[in-house]
Amino acid sequence: MKVLAIDDSIMVRKIIRGAVEVLDGNLIEASDGIEALEVMEEEYKDIDLILLDWNMPRLNGMEVLKQLKADRRFRGIPVMMVTTESERKNIVRAIQAGAAHYLIKPFTIEELVKRIMESMGKGE
Amino acid sequence: MDKKFYQPFCRSTKDIIKEMAGIEIEGMESMEEEEGEISSMGVSSIITFAGTRKGRLLVDMELGLALYLANTILGEAYTDAMDRMVLSTVSEINNIVSGNAITSLNNSYSMDLRLAPPVVFTGQDMVISIPKINSLSSQGYTEYGKISINVAWEGGNK
Amino acid sequence: MSSISIEEIADLFANNLSKVLRTMAGFEVSSIQCGQQGMPEIEPSIMGAMILHGQKDAMISLAMEDNTAYMLIAYMTGILPEDLEEQDLYDGVGELVNIMTGEVKARLANTPYQFRLTSPFALGGDNLKVVFKKNLQGACRFLTAGELEIIFRISYI
């Protein structure tokens, strides 16, 4: 299992790494949307799940999500938003734009592991 | 984001300081990408603005320059750069510099930007870290001390 | 919606911070108003902050000593404090402010108190001092969990 974590916070990426390692998976990290799209160009064939923050420099999560879903090479990879954005309208926007799952910070590591497993099982 | 959204802050800093305190800032011609933490030279002031985009300006200067600016602008003889009035002067300069720059941006690009009031920080060997945002910095020199500005715009359309 | 005082807004943030620390680090945090008897003197050396744009602009901050920041980030990430770098602390306290703010923003959405976030930032150093204009309305909470001590402040600017 290979997971791409896109989050500008080093701390959050470390927490995600811990959860992915619990599941014996591999993590690739990107610290903003632009970097994430560059990573996708190189690695998309191996990526099983994308965890995506919303508020990031250069290119925010919603823009990244739209670009991922507009590209036929990437659109089949499930995306879980992992964000502090908890307003209902934003959750709806993300789901409508193609996010498969939505996890609001704060979360426990157990919850994160469970949601990663669900996302992997369900796919898109 | 295009450099045209950063340059007005350099221009405004030089113009406002010259206008208010009569001193020239040398340098501050170009802006370089800033990565990681910024080590403060003494006094820092941050101001945020929001409209069709969100951004912020950080003005940082040496204590000697802060004192000179306060004494010149207020016509007093402060000797302690930590005096509230000195710090308030730095804050007000940031406010005027930013106001001037965003007026120019609003007029040129209809950005509908609005300023929040500035906040001033001081501390010994202070380090400022703005992890969630990319920024450009520019440094200038005066005979009373160094000054630098750091401008950041948040990416994407929120 | 009836009016909300700045003290009530401070409680919203402090309660949410408690929830964040309980969920992500397993700490049970208690909160009191600053200045109450028994509140120890602490000298914060790291501060995470954010400016909020709303009908009234405000600044919120979390200030703590380095040891507290190391402990919090270590518990949140599962990484030993000695393996954390200074950059991890700045990032961590900034992100803590961000996470604390998310739910409060959602709670106050569509009310006169709604606000827009800006990027969080962190300050490190000794004798950290924040200067606002005089006579501004503000509120402060002192949060503790064992030896961990955090000062939360909100000030209209």
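# Reading the chain C and chain B interface

User: How many residue pairs are in polar contact across the interface of chain C and chain B?

Analyst: The rule finds twelve residue pairs in polar contact across that interface, both residues being at pLDDT 80 or more. Keep in mind that this is a predicted model.

User: Which elements give two or more residues to the side of chain C that touches chain B?

Analyst: They are strand 2 (46-54), helix 3 (86-108) and strand 5 (121-131) of chain C. Strand 5 of chain C gives the most to that side, with eleven residues. By class, the side of chain C that touches chain B has 13 nonpolar, nine polar and eight charged residues.

User: How many residues are in contact, and what area do chain C and chain B bury between them?

Analyst: Take the contact count and the buried area separately. For contact, 30 residues of chain C meet 30 residues of chain B. For area, the two chains bury about 2,700 Å² between them, with 55% of it on carbon and sulfur atoms.

User: Which side chains meet in a salt bridge across this interface?

Analyst: A salt bridge needs a side-chain nitrogen of Lys or Arg within 4 Å of a carboxyl oxygen of Asp or Glu. The rule finds one such bridge across the interface of chain C and chain B. There, the side chains of B:Arg114 and C:Asp57 meet at 3.0 Å, N to O.

User: Where does the pair A:Lys105 and C:Glu95 lie, and how far apart are the closest N and O atoms?

Analyst: Start with the search of the whole structure, which finds 23 salt bridges over all chains. One of them is formed by A:Lys105 with C:Glu95, whose closest N and O atoms are 3.1 Å apart. This pair crosses between chains: A:Lys105 is in the loop between strand 5 (101-104) and helix 5 (109-122) of chain A, and C:Glu95 is in helix 3 of chain C.

User: In what sense do strand 7 of chain B and strand 5 of chain C pair, parallel or antiparallel?

Analyst: First, the general idea on strands. In a regular strand, side chains alternate between the two faces of the sheet. In this structure, strand 7 (residues 119-129) of chain B pairs with strand 5 of chain C in the antiparallel sense, over seven bridges. As one example of bridge partners, B:Phe121 is matched with C:Val130 in strand 5 of chain C.

User: Which strand of chain C do four bridges join to strand 5 of chain C?

Analyst: Strand 2 of chain C is joined to strand 5 of chain C by four bridges, and the two run antiparallel. Here C:Met47 has C:Leu123, in strand 5 of chain C, as its bridge partner.

User: What is the order of elements in chain A, and how is its radius of gyration read?

Analyst: Chain A has five helices and five strands. From the N terminus, they run β-α-β-α-β-α-β-α-β-α. The radius of gyration is 13 Å, close to the 14 Å that the globule rule gives for 124 residues, so chain A is as compact as a globular protein of that length. Its C-alpha atoms fill a box of roughly 35 × 30 × 30 Å along the principal axes.

User: How many helices and strands are there in chain B, and what is its radius of gyration?

Analyst: Chain B has three helices and nine strands, in the order α-β-β-β-β-β-α-α-β-β-β-β from the N terminus. A compact globule of 158 residues would have a radius of gyration near 15 Å, and the 15 Å of chain B agrees. The C-alpha trace of chain B spans about 45 × 30 × 25 Å along its principal axes.

Terms used:
Residues numbered from 1 in each chain as written. Chains lettered and ligands numbered in written order. Predicted model: local features only at pLDDT ≥ 70, side-chain atom pairs only at ≥ 80, totals over all residues. Heavy atoms only, no water. Contact = heavy atoms within 4.5 Å. Buried area = accessible area lost by both parts, 1.4 Å probe. Polar contact = N/O pair within 3.5 Å; in protein donor to acceptor, adjacent residues only side chain to side chain. Nonpolar A, V, L, I, M, F, W, Y, C, P; charged D, E, K, R; others polar. Pairing = 2+ DSSP bridges. Rg over C-alpha atoms; globule rule 2.2 N^0.38 Å.
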